[in-house]
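Here is a short briefing to read beside the sequence and the model. It moves from strand pairing in one chain to the overall build of the other.

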Amino acid sequence: MPRQKRDVPHEEINKFVLVFPSLSVNEGAARAAAGAFIAQMDPTAGELADLKCAISEAVTNCIVHAYRDRLGRIRMTVHLYRDRSVLIEIKDNGSGIADVEKAREPLFTTDADGERSGMGFTVMETLTDRLTVISSPGRGTTVKLLKRLNERGRR
Amino acid sequence: MIKNECSFTAEEKGRTLTVVVSGEIDHHGATALRRGIDTLIWEKAPQELRLVMAQVPLMDSSGLGFIMGRFRLITESGGSFVLVDPSAAVVKMLRLTGFDKKVRTERSTAALKN
């Protein structure tokens, strides 16, 4: 990428892409793979647990909502930056969300049988520093999770 | 090795059913647990359901939905629900959503010794 980007705080130092079908068994695989990749940043156990949990929420949304009645493709990209921030993008080409603001409200759920808590986006928001949701009905959703890791590095 | 397989063991003592859950509880794991545990609840019709969640290293909101669902199932039929030794991951999710105020939690003597 352009040379002038080299010294900006968000200089990317590594990137990892994983594409997988929307099978629920892959929820664990996706967060384990992301966790293994992020480990090179030497995060605390708590930070890693938070990120894995947030990833789990985002991937579950793709499986349960975006590709509700079909199998689709989920693309997860993990970016690592020099300033110790981690950006995880989880993208699907599924049904999309008509009202993102409403979907992000705590306890909002489209689920009728009462087994879903409606807390997915709230959890993602709480466990990261920034949550961005870009969605287009019928075309898909991209969820971006940004977390700044501790400055100490090795403990 | 990806530890994504949730499993449980159950023990019946009088009208109390104790279910020990282990594994990472996400949507995938919760689906499997729900199927097995609800069948058991249906068969045994316990007065009290004790859900032991010490061996749960990771839990997301699907796991929370799983706890809430069993809580509802047992309390709606007049029984009581107790969460025993929830792991840090479980406690975090409960606190985050305010559900910790609603559910009775107990620490077993084994957990208190550690």
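The points below are grouped by topic.

This is a predicted model. In chain A, strand 2 pairs with strand 1 and with strand 3. Chain B holds four helices and five strands.

**Chain A: strand 2 and its partners**

- Strand 2 of chain A spans residues 73-81. Seven of its nine residues are buried, so the strand is mostly covered, taking buried as under 20% relative accessible area.
- On one side of the pairing is strand 1 of chain A, residues 12-21. Strands 1 and 2 of chain A run antiparallel and share nine bridges.
- To find this pairing in the model, start at A:Val17, which stands opposite A:Thr77 of strand 2.
- Strand 3 of chain A covers residues 85-92. It is joined to strand 2 of chain A by seven bridges, again in the antiparallel sense.
- Here A:Val78 has A:Ile88 of strand 3 as its bridge partner.
- Strands 2 and 3 of chain A make a hairpin, with three residues between them. A:Arg84 sits in that turn and has a positive phi of about 70 degrees.
- In a regular strand, side chains alternate between the two faces of the sheet.

**Chain B: fold order and packing**

- Along the sequence, the elements of chain B come in the order β-β-α-β-α-β-α-β-α.
- Chain B has a radius of gyration of 13 Å, close to the 13 Å that the globule rule gives for 114 residues, so chain B is as compact as a globular protein of that length.
- Its C-alpha atoms fill a box of roughly 35 × 30 × 25 Å along the principal axes.
- Buried residues make up 49% of the 114 in chain B.
- Take the contacts in chain B with a separation of 6 or more: 65% of them join residues 24 or more positions apart.

**Chain B: surface and charge**

- About 5,800 Å² of chain B is exposed. Carbon and sulfur atoms supply 53% of that area.
- Chain B carries 16 positive and 13 negative charges. The mean positions of the two sets are 4 Å apart.

**Chain B: a glycine in a loop**

- B:Gly14 lies in the loop between strand 1 (7-13) and strand 2 (16-22) of chain B.
- Is B:Gly14 buried or exposed? Its relative accessible area is 64%. The cut-off for exposed is over 50%, so B:Gly14 counts as exposed.
- B:Gly14 and B:Glu106 are 92 residues apart in sequence. Their C-alpha atoms are 19 Å apart in space.

Notes:
Residues are numbered from 1 along each chain as its sequence is written. Chains are lettered from A and ligands numbered from 1 in the order in which they are written. This is a predicted model: local features need pLDDT of at least 70, side-chain atom pairs count only at pLDDT 80 or more; totals for chains, interfaces and linings use all residues. Side-chain values use heavy atoms; hydrogens and water are left out. Buried means under 20% relative accessible area, exposed over 50%, partly exposed in between (1.4 Å probe, protein chains only). Helices (H or I, at least four residues) and strands (E, at least two) are DSSP runs, numbered from the N terminus. Two strands pair if DSSP finds at least two bridges between them. The radius of gyration is taken over C-alpha atoms; the globule rule is 2.2 Å times the number of residues to the power 0.38. Contact means heavy atoms within 4.5 Å. Accessible areas come from the Shrake-Rupley method with a 1.4 Å probe; for residues, only the protein chains shown count as cover. Lys and Arg count as positive and Asp and Glu as negative; His and the chain ends are not counted. The place of a charge is taken as NZ of Lys, CZ of Arg, CG of Asp or CD of Glu.
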